[in-house]
Amino acid sequence: MSGLTIREVRLSDAARLAEIYSHYVLNTAVSFEYEAPSAAEFESRIAKVTAKFPYLVCEKDGAAVGYAYAGEYLPRKAYSWSAASSIYVHKDFRRQGIGTMLYAELQKRLREMGIVDLVAGSAYTDDEDEYLTHGSYDFHTKMGFSECARFRGIGKKFGRWYDLVRLQKKL
Ligand SMILES: CC(C)(COP(=O)(O)OP(=O)(O)OC[C@H]1O[C@@H](n2cnc3c(N)ncnc32)[C@H](O)[C@@H]1OP(=O)(O)O)[C@@H](O)C(=O)NCCC(=O)NCCS
């Protein structure tokens with residue numbers, strides 16, 4: 001797709017990224033948050049991530065249309081070579097290769113940092129409903145992740161219980 005560029009996040013992206021994310025918080029079970037974070041909260045989350053990990057934005061024609069970042073998987077020292085990833089693409093720009101581009105660059109940067117394992121968390125339900133599809137799970141398996149753990153019915157949102165699947169990729 002033309003007109004797409006990947007760049008590092010800026011604090012000034014906070015409002016737009018919060019807007020992208022809020023759709024998923026308010027209308028889907030993709031995120032287990034109940035309340036959409038404000039732009040100020042998003043800005044402080046960006047600052048926290050970028051102190052140590054890559055945080056990337058995809059722009060199309062000058063507007064942010066998706067973002068991906070990594071974070072610590074677990075705090076114990078022996079996990080220092082692993083990271084957790086998150087990715088959100090604006091609802092109107094999905095299935096255009098943006099997620100693939102963001103993950104490719106994120107993984108490249110993590111490899112350069114010496115990270116060897118990437119772990120993603122995907123909300124899951126056996127029976128897709130109006131709040132959750134298998135999109136995230138299918139995207140991650142397409143990106144080379146494999147399921148390594150499944151917590152049954154561990155998250156409750158919109159009055160329904162959802163699984164959390166952990167997927168791992170060796171970088
Ligand atoms: C999951 C997500 C990041 C994928 O980003 P994207 O830009 O839509 O993905 P891409 O266009 O790069 O898709 C690459 C491949 O992944 C797979 N894929 C992506 N979305 C899919 C879906 N909804 N259903 C099935 N497969 C899917 C396909 O194989 C796709 O290739 P194809 O379009 O040629 O068939 C995006 O849909 C999104 O933001 N979803 C909501 C938030 C979310 O679930 N985030 C992950 C939780 S951390």
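Asp-117 forms a salt bridge with Lys-170, and their closest N and O atoms are 3.1 Å apart. This contact links distant parts of the chain, since Asp-117 sits in strand E5 (residues 117-124) and Lys-170 in strand E7 (residues 160-170), 53 residues apart. The two partners make a nice contrast: Asp-117 is buried, with a relative accessible area of 12%, whereas Lys-170 is exposed, at 60%. Please keep in mind as you read on that the model is predicted.

**Salt bridges**

A search of the whole structure finds 18 salt bridges. Among them is the one where the side chains of Glu-59 and Arg-7 meet, at 2.7 Å from N to O. Glu-59 belongs to strand E2 (residues 55-60) and Arg-7 to strand E1 (residues 4-8), so this pair ties together parts that are 52 residues apart in sequence. Are these two residues buried or exposed? Both Glu-59 and Arg-7 are buried.

Another salt bridge brings together the side chains of Arg-150 and Asp-126, at 3.8 Å from N to O. Here too the pair links distant parts of the chain: Arg-150 is in strand E6, while Asp-126 is in the loop between E5 and helix H4 (135-142), 24 residues away. Arg-150 counts as partly exposed at 25% relative accessibility, and so does Asp-126 at 49%. Which residues join Asp-126 and Arg-150 in one network? Salt bridges that share partners connect these two with Glu-147, Arg-152 and Asp-163.

The three pairs described here are set out below.

| Salt bridge | N to O distance | Separation in sequence |
|---|---|---|
| Glu-59 and Arg-7 | 2.7 Å | 52 residues |
| Asp-117 and Lys-170 | 3.1 Å | 53 residues |
| Arg-150 and Asp-126 | 3.8 Å | 24 residues |

**Strands E6 and E7, and the loop between them**

Strand E6 covers residues 146-157 and includes Ile-154. With a relative accessible area of 51%, Ile-154 is exposed. Together with Phe-32 and Phe-151, Ile-154 makes a nonpolar surface patch of about 270 Å².

Moving along the chain, you will find Phe-158 in the loop between E6 and E7. Its phi is near 55 degrees, a positive value in a residue other than glycine. At 32% relative accessibility, Phe-158 counts as partly exposed.

Strand E7 then holds Tyr-162, which is buried, with a relative accessible area of 1%. The C-alpha atoms of Tyr-162 and Ser-86 are separated by 18 Å, and the two residues are 76 apart along the chain.

**Another positive phi**

Arg-95 also has a positive phi, near 65 degrees, and is a residue other than glycine. You can look for Arg-95 in the loop between strand E4 (82-89) and helix H3 (98-112). Its relative accessible area of 86% makes it exposed, because over 50% counts as exposed.

**The second largest pocket**

About 160 Å³ of space lies in the second largest pocket. How many residues line this pocket, and which lie nearest its centre? The lining has 15 residues, with Lys-52, Phe-53, Tyr-79, Ser-80 and Trp-81 nearest the centre. By type, the lining of the second largest pocket divides into 8 nonpolar, 3 polar and 4 charged residues.

Conventions: Residues are numbered from 1 along each chain as its sequence is written. This is a predicted model: local features need pLDDT of at least 70, side-chain atom pairs count only at pLDDT 80 or more; totals for chains, interfaces and linings use all residues. Side-chain values use heavy atoms; hydrogens and water are left out. On a 1 Å grid over the protein atoms alone, a cavity is a set of points where a 1.4 Å probe fits but cannot get out, and a pocket is an open set with protein on both sides within 12 Å along at least five of seven lines; lining residues have an atom within 4 Å of a point. Grid points are joined across faces, edges and corners, and a volume is the space filled by probe spheres set on the points. Ala, Val, Leu, Ile, Met, Phe, Trp, Tyr, Cys and Pro count as nonpolar, Asp, Glu, Lys and Arg as charged, and the others, Gly among them, as polar. Patches are made of residues with over 30% relative accessible area and no salt bridge: like charges are joined within 9 Å, nonpolar side chains (Val, Leu, Ile, Met, Phe, Trp, Tyr) within 5 Å. Accessible areas come from the Shrake-Rupley method with a 1.4 Å probe; for residues, only the protein chains shown count as cover. A salt bridge is a side-chain nitrogen of Lys or Arg within 4 Å of a carboxyl oxygen of Asp or Glu. Helices (H or I, at least four residues) and strands (E, at least two) are DSSP runs, numbered from the N terminus. Buried means under 20% relative accessible area, exposed over 50%, partly exposed in between (1.4 Å probe, protein chains only).
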